[in-house]
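Subject: The structure I promised you

Hi,

Here is the structure we talked about. Have a look at it in your viewer first, then read on for what turned up.

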Amino acid sequence: MRAAVAVAAAAALVTAPRWLPGRVVALRAGVFAKVNGDNVITFPNAEVGPERFQEVYGHPAAGGRSRGAGLSDLFWYWLSPGPEVHQEHLEAGPRYDDVAATTLALLAGRGDDLSARAAACAGRVLDELVPGRAALVRLRDLMMPVWAEFFHELVFGEPCPPGARDLVVGHADDVVTALKCTGLRHPRRRARLTRYLAGRLDDVRVALPGSLTPRERVHYLQGTFFNTAVVQMSEAMAHLLLTIAQHPETVPRLDDDRYFQHVLDEVMRLYPLFGIAHRITTADIDLDGVPHIPAGSVLCFSYPDYHATGYADPERFDPSRWERTSARHAHHIPFGIAANRPCPAWRVAPLAMRAATREVLRRFSAHSTVSHTRSLPHRGPCLLVRHGTALPSRVRTAVGVALRVRDRWEDVGRSLAQLVLGTVMVLDARRLRLAGRYFDEQDHGDGRVAGCPVAHGKAEVAR
Ligand code: HEM
């Protein structure tokens with residue numbers, strides 16, 4: 001009997017990489033579903049299929065962002081400091097309009113200038129961080145300093161000092177690490193960037209939102225440009241470069257802008273940065289053929305589910321499908337939908353990514369054997385080999401095997417850590433009730449988050 005138990009335990013341990021991570025992901029999803037409460041509807045679903053998805057998403061009553069959703073406390077916890085002025089979480093109104101206009105002004109510019117700037121930042125960072133003939137990197141980590149420099153230049157109109165780059169990377173990395181539940185928040189680390197930005201408010205290239213206090217302007221910059229922008233671009237680049245590493249047949253054609261766009265569309269279809277975007281209904285929604293949706297419902301729009309409908313063989317990476325399909329008419333919304341608060345970077349992001357990718361591929365070939373999932377918790381392990389370096393194929397194969405084995409075992413420990421850390425943060429966020437307290441104050445107080453010291457010194461974004 002004892003021997004049988006020992007054999008079963010040993011078998012369970014040895015096969016853990018195969019079964020454990022999936023179970024833990026399901027458990028974690030259960031924890032988050034509990035936070036959401038009962039008034040949640042996820043689309044597409046059995047009653048509202050993908051053909052009505054954008055109609056519901058774009059409905060004028062699908063407009064609330066934070067007020068009234070249990071999940072907001074968690075988002076605000078991850079987004080701190082200043083979640084109440086983060087553009088993604090501001091309710092519609094004059095403050096939102098003011099903030100959104102400033103973001104667009106900062107992201108504006110000629111396409112070729114923005115591309116050249118992204119190429120220069122990528123080139124500088126690559127030459128500094130990967131000077132040798134070959135290197136094992138984590139793609140997300142490698143890309144963070146690139147986008148820290150790029151957005152510092154966009155905001156301040158001047159090169160990013162090394163110390164500032166470290167602050168931005170430290171902050172953005174802390175946010176995305178907490179968001180993925182692979183680590184806890186480090187409020188002090190985030191506060192160091194807040195202090196730097198507070199000292200530079202007068203140097204920003206465009207006028208900052210007049211409806212915000214100076215403190216709120218600092219938080220707006222920190223949340224939108226030095227968190228969301230840096231994190232999203234780094235994640236997106238990690239997905240793109242990892243795909244290219246695993247599909248070397250794409251490389252010879254990536255100089256062709258049209259083909260590059262097909263690869264990018266396919267990468268963003270398979271690995272959308274948003275798993276779910278949510279809205280809170282501000283009024284009832286009654287559409288023909290759609291069950292009644294009461295005001296106050298939390299609508300969750302699942303990007304991966306929507307992106308998997310309407311395509312032949314949707315799981316397959318096939319950039320050539322975009323030769324026959326127009327991204328505009330397909331079930332493809334990598335930057336959200338035009339009718340309801342789309343991403344303000346929908347124009348600049350692809351341009352900048354194309355320029356940065358070409359800088360990487362001009363120097364290196366990329367190789368990776370690791371798993372590729374939408375949440376990318378391993379940050380994209382990859383071998384970069386400088387062109388002209390003779391790396392024997394048996395060495396490359398051995399590195400590939402080592403990467404794959406390490407990835408599978410890391411996944412076991414990481415998924416358990418994610419379960420524990422995710423639960424800790426969910427409980428902490430419920431205790432702090434950042435969003436709930438903010439709206440209580442608005443309803444009963446003077447409209448300021450007087451009792452919100454936490455929001456003024458802590459961490460960041462969940463998707
Ligand atoms: C490839 C990179 C990026 C992707 C795929 C992406 C994707 C998205 C998506 C899907 C949304 C809409 C979600 C919803 O409907 O709630 C969104 C919103 C947003 N994104 Fe991006 N994003 C990217 C880069 C950026 C960058 C560089 C910035 C820099 C400022 C940015 C700032 C924002 C903001 C502020 C919003 C909220 C818009 C609003 O509510 O008015 N994103 N993004």
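Before the counting starts, a quick word on terms: helices (H or I, at least four residues) and strands (E, at least two) are DSSP runs, numbered from the N terminus. Also keep in mind that this is a predicted model.

Let's begin with the whole chain. Its secondary structure adds up to 16 helices and six strands. The C-alpha atoms fit in a box of roughly 70 × 65 × 50 Å along the principal axes. How does the radius of gyration fit with a compact globule? For 463 residues, such a globule would come out near 23 Å, and the protein chain has 22 Å, so the two agree. As for burial, 40% of the 463 residues count as buried. Then there are the contacts between residues at least 6 apart in sequence: 78% of them join residues at least 24 apart.

Now for the sheets. One is an open sheet of three strands in the order β1-β4-β3, and its pairing is mixed. Which strands stand at the edges? They are β1 (40–43) and β3 (276–280); each has a single partner strand, so one side of each has no neighbour in the sheet. On average, neighbouring strands here are turned by 20° against each other, ignoring direction. If you zoom in on β3, you'll find five bridges joining it to β4 (residues 298–302), and these two strands run antiparallel. One residue to click on is A277, whose bridge partner in β4 is F301.

There is also an open sheet of three strands in the order β2-β6-β5, with antiparallel pairing. Its edge strands are β2 (134–138) and β5 (364–367), each pairing on one side only. Neighbouring strands in this sheet are turned by 30° against each other on average, direction ignored. Five bridges link β2 with β6 (residues 381–386), and the two run antiparallel. Try finding R138 here: its bridge partner in β6 is P381.

What packs on this sheet? Helix α7 (residues 139–156) does, touching both β2 and β6. The direction of α7 makes about 85° with that of β2.

A good way to get your bearings is to colour the two sheets, then follow the β2-β6-β5 order and look for α7 packed on that sheet. Shout if anything looks odd on your screen!

Cheers

Technical notes. Residues are numbered from 1 along each chain as its sequence is written. This is a predicted model: local features need pLDDT of at least 70, side-chain atom pairs count only at pLDDT 80 or more; totals for chains, interfaces and linings use all residues. Two strands pair if DSSP finds at least two bridges between them. Axes are lines fitted to C-alpha atoms, for helices over the stretch in contact, and angles run from 0 to 180 degrees between N-to-C directions. Two residues are in contact if their C-beta atoms, placed from the backbone, lie within 7 Å. The radius of gyration is taken over C-alpha atoms; the globule rule is 2.2 Å times the number of residues to the power 0.38. A residue is buried if 20 or more other C-beta atoms lie within 10 Å of its own, exposed if 12 or fewer, and partly exposed in between; C-beta atoms are placed from the backbone.
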